[in-house]
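Here is a short report on one protein chain. It moves from strand pairing to the core, then to single residues.

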Amino acid sequence: MSEVAPLLINCAIHGHNRVSAVVCGHMVESAVPVGFVENNDDPDNLQAWCEKCEAFFVCEDDKTKAFLSFNRMALVCVSCYQALKSRHTLPPDGRLPSTRGAG
Ligand SMILES: [Zn+2]
Ligand SMILES: [Zn+2]
């Protein structure tokens, strides 16, 4: 009896009644990769934040008020979550991909 229906949101890109996921505001706002640290990979409750949030969280050792205001969590649909994941996941060698060469 503990099953909880996933929270549904309307996504401007992917349509209505999409399963939601939680990310940090930095991922939504940044066009360059900021890292992708997944905290929960339950498909009905996906949660992730960037490297800076991870460092802040480790430092605070809890989801403190300071952490939450830094994190600025945002709700996105799972398809947006996957897109953010591929955009922000850093390569294993830690180097940021070059953005030069276009144009
Ligand atoms: Zn962040
Ligand atoms: Zn979406």
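Two strands count as paired if DSSP finds at least two bridges between them. This model is predicted.

**Strand pairing**

Strand E3 covers residues 37-40, and three bridges join E3 to E4. The two strands run antiparallel. Within this pair, Glu38 stands opposite Ala48 in E4. A hairpin of five residues links E3 to E4.

E4 also pairs with E2. Here the sense is parallel, over two bridges. Val22 has Gln47 of E4 as its bridge partner.

**Overall layout**

The protein chain holds four helices and five strands. Read from the N terminus, their order is β-β-α-β-β-α-α-β-α. The protein chain has 103 residues, and 19% of them are buried. Take the contacts between residues at least 6 apart in sequence: 61% of these join residues at least 24 apart.

**The core**

Which residues have the most contacts inside the largest nonpolar core? They are Val23, Cys50, Val76 and Tyr81, in a core of 16 residues. Four elements give two or more residues to this core: strand E2 (15-23), strand E4 (46-49), strand E5 (74-77) and helix H4 (78-88).

Cys50 has contacts from several parts of the chain. Leaving out residues up to four places away in sequence, Cys50 touches Cys24, His26, Met27, Val34, Gly35, Phe36, Val37 and His88.

His88 is also one of the buried residues of H4. The others are Cys80, Tyr81 and Leu84. These buried residues cover an arc of only 105° around the axis, so they lie on the same side of H4. What covers them includes strand E1 (8-11), E2, helix H1 (25-29), E4 and E5.

**Val22 and Pro6**

Val22 lies in strand E2. Is Val22 buried or partly exposed? Val22 counts as partly exposed, because it has 18 C-beta neighbours inside 10 Å, while a buried residue needs 20 or more. Beyond residues up to four places away in sequence, Val22 touches Gln47, Met73 and Leu75. Gln47 is thus named twice for Val22: as a contact and as the bridge partner.

Pro6 sits in the segment before E1. Pro6 is partly exposed, because it has 15 C-beta neighbours inside 10 Å. Apart from neighbours within four places in sequence, Pro6 is in contact with Val19, Ser20, Asp44 and Asn45.

The table gives one C-alpha pair for each of these two residues.

| Pair | Separation in sequence | C-alpha to C-alpha distance |
|---|---|---|
| Val22 and Tyr81 | 59 residues | 7.9 Å |
| Pro6 and Ala21 | 15 residues | 9.3 Å |

**Positive phi in two loops**

Where is Asp61 placed? Asp61 is in the loop between helix H2 (51-60) and helix H3 (65-71). Its phi is positive, about 65°, although Asp61 is not a glycine. Asp61 is exposed, because 8 other C-beta atoms lie within 10 Å and the limit for exposed is 12 or fewer.

Arg72 is found in the loop between H3 and E5. Phi of Arg72 is near 45°, again a positive value in a residue other than glycine. Arg72 is partly exposed, because it has 14 other C-beta atoms within 10 Å.

Key:
Residues numbered from 1 in each chain as written. Chains lettered and ligands numbered in written order. Predicted model: local features only at pLDDT ≥ 70, side-chain atom pairs only at ≥ 80, totals over all residues. Core = buried A, V, L, I, M, F, W, Y, C linked by C-beta atoms within 7 Å. Contact = placed C-beta atoms within 7 Å. Arc of directions from axis to C-beta.
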